[in-house]
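Please look through the structure below together with the text that follows, which takes up a few local features one after another.

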Amino acid sequence: MPQKIQVKNIRHGNPGLSGWYAILPEPEPTHVLEEDLTADWLVIGGGFAGLSAARRLLQLREKESIVLLDSIRIGEGSSGRNSGFMIDLPHDISSDSYAGAVERDIRQTMQNRYAIAFAAKTAEDYGFSQEVFNPCGKINGAASEKGDRHNREYVVHLNSMGEESTWLNASDMKRITGSDYYLSGLLTPKTVTIQAAAYVRGFAQGLSQNVNIYENSPVIAMKRADGIWKVNTPKGSVSAPKVILCVNGHLQSFGFLKQRLMHIFLYASMTRAMTTEEIRRLGGEPSWGVAPANPFGSSVRKICGVGGHRILMRNKFHFNSTMEASDRDIQRTVRNHDRSFQRRFPMLKNLEMEYRWGGRLCLSWNGVPVFGEIEDGLFAACCQNGVGVSKGTLSGILAAEYASGFQNSYIEDYLNEKQPTRLPPEPIATMGATAYLNWQEWRAGLEK
Ligand SMILES: Cc1cc2nc3c(=O)[nH]c(=O)nc-3n(C[C@H](O)[C@H](O)[C@H](O)COP(=O)(O)OP(=O)(O)OC[C@H]3O[C@@H](n4cnc5c(N)ncnc54)[C@H](O)[C@@H]3O)c2cc1C
């Protein structure tokens, strides 16, 4: 029986131009798939998951041919438009303080560090600078008594996991960030911060020595006959016995997990490059990353490098079951970002935002990934539950290992996860999720 998949929704409507992407030099001209190829492996999706899957395949099956397809330019999608925290510790964004059960969190931390070690070796092999891949840790900044309490609870949890952390008081926070907005901070040293678009673009460039990468080449249909998947794009095709789907929430566009994946847009803004006088007025360290003590608050990064000194603000979640967001949605978030920015940096009144953008997260209600062989010869590494920088990397590595018969106990962990639970029907799902997100954002108060 031939298996057939018709892909819907290949317009990828990522609203706004990501600042990470915009401040990089023009990318190399794109290679669009315009022929019929055969390969041993096809990876669909060129984000953290897809790139990691392709690199792991290359390590495990050196002599086999690998093709990777993406529907847009690599770096334009969510992997190039996030806040760039590659987080090692538990980070349950649906909890008050990121923490879960101790044993499970210890295991998750080991998994995340497996992914981070892989990313670190990638960064070394492809010669990434510290601006692109910086193992500088992450600070959970608290701007309110409630946030401070979350941080204190989190320290207790980290201690029970045997994890080190450093408590920062208000003057430490000012010394680092230049802002006196924060009451306290909790530094956990093993998170890596990345220049998101530079990381995935550099990753793809490094891989392209051995992997055939085609961009602007969306998969529109797939069919399996006689043990081979034939995968069509508008101008070509790839035939391969094994395919790894690394498309995060777009798994739904391939017809899988209907009504089980939650699509949420998250927004960020980046300032223009600061003048020398603005850099002096702000003070603080040249680059740092502060995540909010409450998951629904604002992440803030100060960066310096090829694009100059800039500040990134990230907050505001929108549930969107259509997977499309518009520039109007960005306009609605502008006020939040500007307010959050002015609260923290009143000394930088005239520092405008130059770039504003949104991007997709894919979550399941019960917080599980979608992983494994979902059809004969078709593997999935999807649904990263909002922390795809490390978890996307991990699921891509594990999918490549699983599909090529490599043993790893983390694969068992992933295979033993439950299925994503079914969501309520529309419009109840949207109404419920929107009310929940608004309530959580309201509760985040000054952490926003
Ligand atoms: C503003 C913002 C801030 C965030 N901050 C963080 C953070 O600090 N830390 C963190 O861990 N996570 C963060 N995230 C989430 C993170 O970016 C995602 O979880 C991550 O990008 C998922 O990686 P992925 O490789 O699974 O999927 P994606 O990055 O979405 O990559 C999937 C790729 O598949 C391609 N694709 C889809 N359909 C097709 C098709 N039909 N044919 C070919 N290709 C296709 C897409 O074009 C895309 O490039 C943030 C997200 C946003 C939007």
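A good place to begin in this predicted model is the loop between β19 and α8 (327-344), where Met323 is found. The backbone of Met323 has a phi near 65 degrees, which is a positive value in a residue other than glycine. Is Met323 buried or exposed? Its relative accessibility is 1%, and because residues under 20% are counted as buried, Met323 belongs to the buried ones.

The strand that precedes this loop in its description, β19, spans residues 310-319 and contains Lys316. Lys316, too, is a residue other than glycine with a positive phi, in this case near 85 degrees. With a relative accessibility of 16%, Lys316 is likewise under the limit of 20%, and it therefore counts as buried.

Another backbone feature appears in the loop between α10 (409-415) and α11 (428-444), where Pro427 is located. The peptide bond that joins Glu426 and Pro427 is cis, with an omega of about 5 degrees.

From single residues the reader can turn to a pair of helices. Two packed helices are described by the angle between their axes together with the distance between those axes. For helix α3, made of residues 102-125, and helix α4, made of residues 145-161, the axes come within 10 Å and cross at roughly 75 degrees. Angles of 65 to 115 degrees count as roughly perpendicular, and α3 and α4 are therefore described as roughly perpendicular to each other. On the side of α3 the contact is made by Val102, Asp105, Ile106 and Thr109, while α4 contributes His157, Ser160 and Met161. Sorted by class, the residues of this contact between α3 and α4 comprise three nonpolar, three polar and one charged.

The last topic is empty space inside the model. Rolling a probe the size of a water molecule over the atoms shows where such space is left. How many cavities of 30 Å³ or more does a search of the whole structure find? The search finds two, and the second largest cavity has a volume of about 30 Å³. The residues that line the second largest cavity are Ile87, Leu89, His91 and Asn112, together with Val387, Ser390 and Lys391. By class, the lining of the second largest cavity consists of three nonpolar, three polar and one charged residues.

Key:
Residues numbered from 1 in each chain as written. Predicted model: local features only at pLDDT ≥ 70, side-chain atom pairs only at ≥ 80, totals over all residues. Heavy atoms only, no water. Axes fitted to C-alpha atoms, helices over the stretch in contact; angles between N-to-C directions. Helix = DSSP H or I, 4+ residues; strand = E, 2+ residues; numbered from the N terminus. Parallel < 35°, antiparallel > 145°, perpendicular 65-115°, else oblique. Contact = heavy atoms within 4.5 Å. Nonpolar A, V, L, I, M, F, W, Y, C, P; charged D, E, K, R; others polar. 1 Å grid on protein atoms, 1.4 Å probe; cavity = no way out; pocket = protein on both sides within 12 Å on 5 of 7 lines; lining within 4 Å. Points joined across faces, edges and corners; volume = space filled by probe spheres on them. Buried < 20%, exposed > 50% of the residue type's maximum accessible area, 1.4 Å probe, protein only.
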